[in-house]
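Dear colleague,

Please find below the structure that I am handing over to you. My notes on it follow directly after.

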Amino acid sequence: MTGGATPEPREFAVLAADIAREAGDMLRQKRSARPEVVQTKSSPTDVVTALDRAAEELVRDRIRTARPGDAVLGEEGGATGGGDVRWIVDPIDGTVNFLYGLPEWAVSVAVEVAGTVVAGAVNVVPRGELFTAWLGGGAWLGGERLRCNTGVPLSRALIATGFGYSAARRVVQAEVLAGVLPVVRDIRRSGSAAADLCSVAAGRVDGYYERGTEYWDHAAGGLVAAEAGARVGGLNGRPHNPDMTLAAAPGLFEELHDLLVTLDPERDA
Ligand code: LIP
């Protein structure tokens, strides 16, 4: 896929899926019983394993080979290159799950053209599930087209969320959760934003909100959820962003949004 005009979103989705599949295969083969932590980031519990780095290297290498001029933003390697096409990569979203051998961690690869995410692949490796989406082309789990749940009121909604790594953030997240939990069906915390957004797409949860996700956590999964019919955004009309990512079918999105606004969730203690 080198040279010439910018490929169609579908072609990017196929390439992103191939790369996410290969990185996932490598991670599954190389993961030991207790992967070694090589670095901590924002807090002592925000960890990086050697395989986070190896997987991002593999992904970057495959992008370089297929699309030598493209920019990459990766969780571990930062921003490289320039131009209209940018790949957004989280080599392991849900690193703590990866460390503990829990089944919700994913390789997340998204492609942005001129600032818009046009394609995404989320490989939830332990589940053997590869989610893909491209702009206008729908969201897919293998050959199955996904539709998020619709017509669910907040009072019957199963809502996924997540928590940050810092104590100051968690204090507020716990406060917000105390406002949400009594008025919904229940809460789930999987440990991977990318997997949560795919769960919205697949109707395994009705909605999702989280403060503090990075672009690489939600870029691909956000497109999967949106292409499955979910509204994906931030608070007060903003696009989803590190302050808040919210995803649910229209109707539930607004109910959840309005509740969250009353809880002032975009702050730290
Ligand atoms: C994780 C997110 C998750 C959040 C975790 C963590 P990581 O990303 O996907 O939603 O709740 O605290 O930030 O650190 O595993 O790439």
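Ala168 counts as partly exposed in this predicted model, because its relative accessibility of 31% falls between the 20% limit for buried residues and the 50% limit for exposed ones. The residue is found in helix α4. Leaving aside neighbours within four places in sequence, Ala168 is in contact with Asp268 and Ala269. Gly77, by contrast, lies 91 residues away from Ala168 in sequence and 27 Å away in space, C-alpha to C-alpha.

Helix α4 (167-180) also takes part in the largest pocket, as one of the elements that give two or more residues to its lining. The others are β5 (85-93), α3 (95-100) and α6 (215-227). The space in this pocket amounts to about 730 Å³. Its lining consists of 31 residues, and those nearest the centre are Asp46, Phe163, Gly164, Tyr165 and Glu210. By character, the lining residues comprise twelve charged, twelve polar and seven nonpolar. Where does the largest pocket lie with respect to domain 1 (9-145) and domain 2 (154-263)? Both domains give residues to the lining, so the pocket lies between them.

Helix α1 covers residues 9-30, 22 residues in total. From first C-alpha to last, α1 reaches 31 Å, close to the 32 Å expected at 1.5 Å a residue. Its buried residues include Phe12, Leu15, Ile19, Met26 and Leu27. The buried residues of α1 pack against two helices, α2 (50-66) and α3, and against the strands β5, β6 (106-113), β7 (116-124) and β8 (129-134).

With kind regards

Notes: Residues are numbered from 1 along each chain as its sequence is written. This is a predicted model: local features need pLDDT of at least 70, side-chain atom pairs count only at pLDDT 80 or more; totals for chains, interfaces and linings use all residues. Side-chain values use heavy atoms; hydrogens and water are left out. On a 1 Å grid over the protein atoms alone, a cavity is a set of points where a 1.4 Å probe fits but cannot get out, and a pocket is an open set with protein on both sides within 12 Å along at least five of seven lines; lining residues have an atom within 4 Å of a point. Grid points are joined across faces, edges and corners, and a volume is the space filled by probe spheres set on the points. Helices (H or I, at least four residues) and strands (E, at least two) are DSSP runs, numbered from the N terminus. Ala, Val, Leu, Ile, Met, Phe, Trp, Tyr, Cys and Pro count as nonpolar, Asp, Glu, Lys and Arg as charged, and the others, Gly among them, as polar. Domain bounds come from an automatic or database domain assignment. Buried means under 20% relative accessible area, exposed over 50%, partly exposed in between (1.4 Å probe, protein chains only). Contact means heavy atoms within 4.5 Å. The expected span of a helix is 1.5 Å times one less than its number of residues.
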